[in-house]
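Please open the model in your viewer and keep the sequence panel beside it. The tour begins at one strand, moves to its partners, and ends with a view of the whole chain.

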Amino acid sequence: MRWAQHTWVIWVAAVVILAGVVTGVLLALGGGGRAPTAQPTPSPPAQLRSPFTGEPVSSLTPVIAVKIDNSAPARPQTGLTDADIVYVLPVEGGLSGLMAIFSSHYPTVAGPVRSARQDDLTLLRQFGQPGFAYSDAAPRLLRYIHRTARVVDLYSGTTSGYYRNWNRAEPYNLYAYPRDLLATAASASPAHDIGFRFGPPPPGGRIRRSVSVSYPACSFAFTWSAAKRRWLVSMDGAPAVNPRGVQLSAATVVIQHTTVRTPSLLEQGRRPPFAQSTGSGRALVLRNGQAWPGHWSRPRASDGTTFTRAAGGPMIFARGPVWIVLAYP
């Protein structure tokens, strides 16, 4: 009996001690005997991405557009592998010129730099007020760029940041230092949404290994490389390479069919082609070894360009550099 009574006393004491410990813990956690509500773990900030390539960037920096010669004597060009976007535009003689858009990366050198055309300015309006590097222009157009055009004027005749490479013949030897041009173009608009959408491939694509497009006196081909996961660029039947022999490539290629007319301003007594980048028309978008027929629309020069699939819904680009060919209808 005495042993049972002793056991009962120990058990009661243990209960009292445990109750005191629990009460103390609850008071320490929040007082009043109630534990605080667990707070959700904050989500990490979203990764900042370039609106031009969909790839991660640390900041959105000024847009520098460089007009680059694409005639045969101007090849291989320098700096195109660092471009976010490369536009292909028709020029006189049935040939083509290139407009390289830089923001995520600025190459040490870009060129050969060529002269501006009237359709360049319409194309560039969607970028806000970009820096525009060019070698020259027809007199009336040059005055318009200096006084009216919505660009930061980086004309080679009045801006430092250019040099001549005397290992090449004129006029195919004018090159720009884009990073130096930034000093003049500090007020240029930073990269912003121009209508591109990036992500996984949408439904409805058809397998295509190569796609060609032609101007009256030149041609382009884009061939899918599964190993590099890029479309490899060829021009006039030969691989398009940089000075180190690396073939140019793009994650997404857009064949944007448009009206090619003549502009209001003469150049050397002739009217060069003017590719309309506003309006609407049909497009073919290449990514991941597939092709999607679709439609493009840009109602005003200040608007970006939206791309939709023929089956409906937005066209989604692959993350990486984009090449856009403004093609004849």
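**A strand and its partners**

In this predicted model, select strand β14, residues 252–257, together with strand β17, residues 279–287: the two run antiparallel and are joined by five bridges. To look at one position in this pairing, pick V253 in β14, whose bridge partner in β17 is L286.

Keep β14 on display and add strand β20, residues 322–327, which runs parallel to β14 and is joined to it by six bridges. Here the residue to select is H257, which stands opposite A327 of β20.

Now show the side chains of β14 alone. Which residues point one way from β14, and which the other? T252, V254 and Q256 point one way, while V253, I255 and H257 point the other way. In a regular strand, side chains alternate between the two faces of the sheet. Are the residues of β14 buried or exposed? Six of the six residues in β14 are buried, and the strand is mostly covered; the cut-off for buried is under 20% relative accessible area.

**The whole protein**

Finally, zoom out and colour by secondary structure, which brings up four helices and 20 strands. Of the 329 residues in the protein, 48% are buried, and the accessible surface comes to about 16200 Å², with 57% of that surface belonging to carbon and sulfur atoms. If contacts are drawn for residues with a separation of 6 or more, 60% of these contacts are between residues 24 or more positions apart.

Notes: Residues numbered from 1 in each chain as written. Predicted model: local features only at pLDDT ≥ 70, side-chain atom pairs only at ≥ 80, totals over all residues. Heavy atoms only, no water. Buried < 20%, exposed > 50% of the residue type's maximum accessible area, 1.4 Å probe, protein only. Pairing = 2+ DSSP bridges. Contact = heavy atoms within 4.5 Å. Areas by Shrake-Rupley, 256 points an atom, 1.4 Å probe, with all protein chains shown as cover.
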